[in-house]
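Me: I would like to go through this protein with you, beginning with its interior and ending with its overall make-up.

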Amino acid sequence: GVASADATLTVAEGTVRGLNAGLGAFGFWSFMNPNDIDGWFGIVGLDEKGKLQRTRHPWGVYGLLSRHARPGSRVYPLHLQPARNLNVVHGTALVAPSGERTILLVSDEKAQRARLEILLPEALRAKRWSRVTTDRVRLRQPLPAIEPADPARLPVVVNPMSLTVLTAPA
């Protein structure tokens, strides 16, 4: 259904591609619903006792996108170096008005990890990148930080069927 891991990652891919094409804003219009329509774009819902609960993959994917793709961010479409599985990873980089740097990577490869090297312009270079991922199993799970030897070249391994978010402070 539309609240499945695969469906939410398809929406994430469309959002990333849209940002790269010049999309000025995006929104997920159903913050909450009674869970009777497969979650749709609901990030939270109510359980059978009326208690607030997070929806699994909509919260894990749309929550990450909403948190890290901030209004007014400058968009840097990514240029990835040739590597295995490159055609299944879609990514963009953002610099928020606060100066926080964010990289959004969506993989729609079904089984294999993708190994990438991202060439970063000066505005995106950082000594340390924090990471978090949502995939079919993990929901907003922190991963080990990346400290690239060369801040202009960021080596990243992306899990199959995932949204991975890398951030660096201003």
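Me: How many residues does the largest nonpolar core have?
Reply: This is a predicted model, in which local features need pLDDT of at least 70 and side-chain atom pairs count only at pLDDT 80 or more, while totals for chains, interfaces and linings use all residues. Residues are numbered from 1 along each chain as its sequence is written, and side-chain values use heavy atoms, with hydrogens and water left out. A nonpolar core is a set of buried (under 20% relative accessible area, 1.4 Å probe, protein chains only) Ala, Val, Leu, Ile, Met, Phe, Trp, Tyr and Cys residues joined through side-chain atoms within 4.5 Å. Ile103, Leu105, Ile118, Trp129, Leu154, Val156 and Leu166 have the most contacts inside the largest core, whose size is 21 residues.

Me: Which elements give two or more residues to this core?
Reply: Strands here are DSSP runs (E, at least two residues) and helices likewise (H or I, at least four), numbered from the N terminus. The elements that do so are β6 (89-95), β7 (101-107), β8 (114-119), β11 (153-158) and β12 (162-168).

Me: How many residues does the other core have?
Reply: Among its members are Leu9, Leu104, Leu163 and Val165. This core lies apart from the largest one and has 16 residues.

Me: Which residues of α1 are buried?
Reply: Helix α1 covers residues 5-21 and reaches 24 Å from its first C-alpha to its last. Its buried residues are Ala5, Thr8, Leu9, Ala12, Glu13, Thr15, Val16, Gly18 and Leu19.

Me: What share of the protein's residues is buried?
Reply: The protein has two helices and 12 strands. Of its 170 residues, the buried share is 48%.

Definitions and conventions
Buried means under 20% relative accessible area, exposed over 50%, partly exposed in between (1.4 Å probe, protein chains only). The expected span of a helix is 1.5 Å times one less than its number of residues.
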